[in-house]
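The following exercises are to be worked with the sequence and the structure at hand. Each task is followed by a solution in steps.

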Amino acid sequence: MAVNRVPVLKRCRSLDLDPTFLGYDKKSNRTSARAGKKVSEYGLQLREKQKAKFIYGVLEKPFRNYYKRAERMKGMTGENLMVMLESRLDSVVFRMGFARTRREARQIVGHKHFLVNGKTVSIPSYQIKAGDVIEVKEKARSLQRYKDILEITGGRLVPEWMEVDQEAMKGTVKYLPSREMIDVPVDEMLIVELYSK
């Protein structure tokens, strides 16, 4: 399995991205070596794609598959793509505050700590639908890890399209978000332009 081992802050710097979108509250004081240089149109499009891939932890091939599926759906391709990425199980777990970072969300989903509608799901890319109930497994609830996580994420704002009961470690997706509700700094139109060449 391919794993991205580039240090997070270094990658954020090269993509001109704030680490808070990944759940990190660190800041990098250094500036990118390419800061201030003129970027071609293709370079801008590529950077937006890399940004989206990096934020959601998706590699090239699955990302292209998401794009193909988004193209076949009704509506705007770019918006469909962002909604699909946002409704991945690992992303929803992160948004609900059951993980400090997106990478941690991916890891604990892989460790089979979550139930979706009462069934164990260990696939981070599992697509969540409106009305799905996501909860931490009974056995995992007593782990110190979750007490630490909830202490840190307790003050985090939960998006309006989901309902979370932190005491019961349970959340419901009321409806799928629209593009306006996704606060990720990615210009999906540039991604569409890149793939439609």
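**Exercise 1. A residue with positive phi**

Lys112 is partly exposed, with a relative accessible area of 47%; here buried means under 20% relative accessible area, exposed over 50%, and partly exposed in between (1.4 Å probe, protein chains only). The model is a predicted one, in which local features need pLDDT of at least 70 and side-chain atom pairs count only at pLDDT 80 or more, while totals for chains, interfaces and linings use all residues. Residues are numbered from 1 along each chain as its sequence is written, and side-chain values use heavy atoms, with hydrogens and water left out.

Task. State where Lys112 is found and describe its phi; then treat Asn117 likewise.

Solution.
Step 1. Lys112 belongs to the loop between helix 6 (102–110) and strand 1 (114–116). Helices (H or I, at least four residues) and strands (E, at least two) are DSSP runs, numbered from the N terminus.
Step 2. Although Lys112 is not a glycine, its phi is positive, at about 60 degrees.
Step 3. Asn117 sits in the loop between strand 1 and strand 2. Its phi is also positive, near 55 degrees, in a residue other than glycine.
Step 4. Asn117 has 43% relative accessibility and therefore counts as partly exposed.

**Exercise 2. The chain as a whole**

Task. Give the secondary-structure content of the protein chain, and decide whether its radius of gyration agrees with or departs from that of a compact globule.

Solution.
Step 1. The protein chain contains nine helices and five strands. Their order along the sequence is α-α-α-α-α-α-β-β-β-α-α-β-β-α.
Step 2. A compact globule of 197 residues would have a radius of gyration near 16 Å, and the 17 Å of the protein chain agrees with this. The radius is taken over C-alpha atoms, and the globule rule is 2.2 Å times the number of residues to the power 0.38.
Step 3. Along the principal axes, the C-alpha atoms fill a box of roughly 50 × 45 × 35 Å.
Step 4. Of the 197 residues, 43% count as buried.
Step 5. Among contacts with a separation of 6 or more, 62% come from residues 24 or more positions apart; contact means heavy atoms within 4.5 Å.

**Exercise 3. The sheet**

Task. Determine the strand order of the sheet, its edge strands and the bridge partners of Glu135.

Solution.
Step 1. The five strands form an open sheet in the order 2-1-3-5-4, with antiparallel pairing. Two strands pair if DSSP finds at least two bridges between them.
Step 2. Strand 2 (119–120) and strand 4 (162–165) are the edge strands, each pairing on one side only.
Step 3. Strand 1 and strand 3 are joined by three bridges in the antiparallel sense. Leu115 has Glu135 in strand 3 as its bridge partner.
Step 4. Strand 3 (residues 133–136) also pairs with strand 5 (residues 170–173), antiparallel and over three bridges. In strand 5, Lys170 is the bridge partner of Glu135, and Thr172 is that of Val133.

**Exercise 4. Two helices in contact**

Task. Classify the crossing of helix 3 and helix 9 and name the residues that meet.

Solution.
Step 1. The axes of helix 3 (residues 60–72) and helix 9 (residues 188–195) come within 12 Å and cross at roughly 95 degrees. Axes are lines fitted to C-alpha atoms, for helices over the stretch in contact, and angles run from 0 to 180 degrees between N-to-C directions.
Step 2. Helix 3 is therefore roughly perpendicular to helix 9, a class that covers 65 to 115 degrees.
Step 3. Glu60, Phe63, Arg64 and Tyr67 of helix 3 meet Ile191, Val192 and Tyr195 of helix 9.
Step 4. Thr77, in helix 4 (residues 77–86), touches Tyr67, Ala70, Glu71 and Val192, residues up to four places away in sequence not being counted. Thr77 is buried, with a relative accessible area of 18%.

**Exercise 5. A covered helix**

Task. How many residues of helix 5 are buried, and what does Asp90 contact?

Solution.
Step 1. Helix 5 (residues 89–96) is mostly covered, with eight of its eight residues buried.
Step 2. Asp90 lies in helix 5 and is buried, at a relative accessible area of 4%.
Step 3. Neighbours within four places in sequence aside, Asp90 is in contact with Tyr56, Ala105, Arg106, Val109 and Pro124.
Step 4. Just after helix 5, Gly97 takes a positive phi of about 90 degrees.

Technical notes. Parallel < 35°, antiparallel > 145°, perpendicular 65-115°, else oblique.
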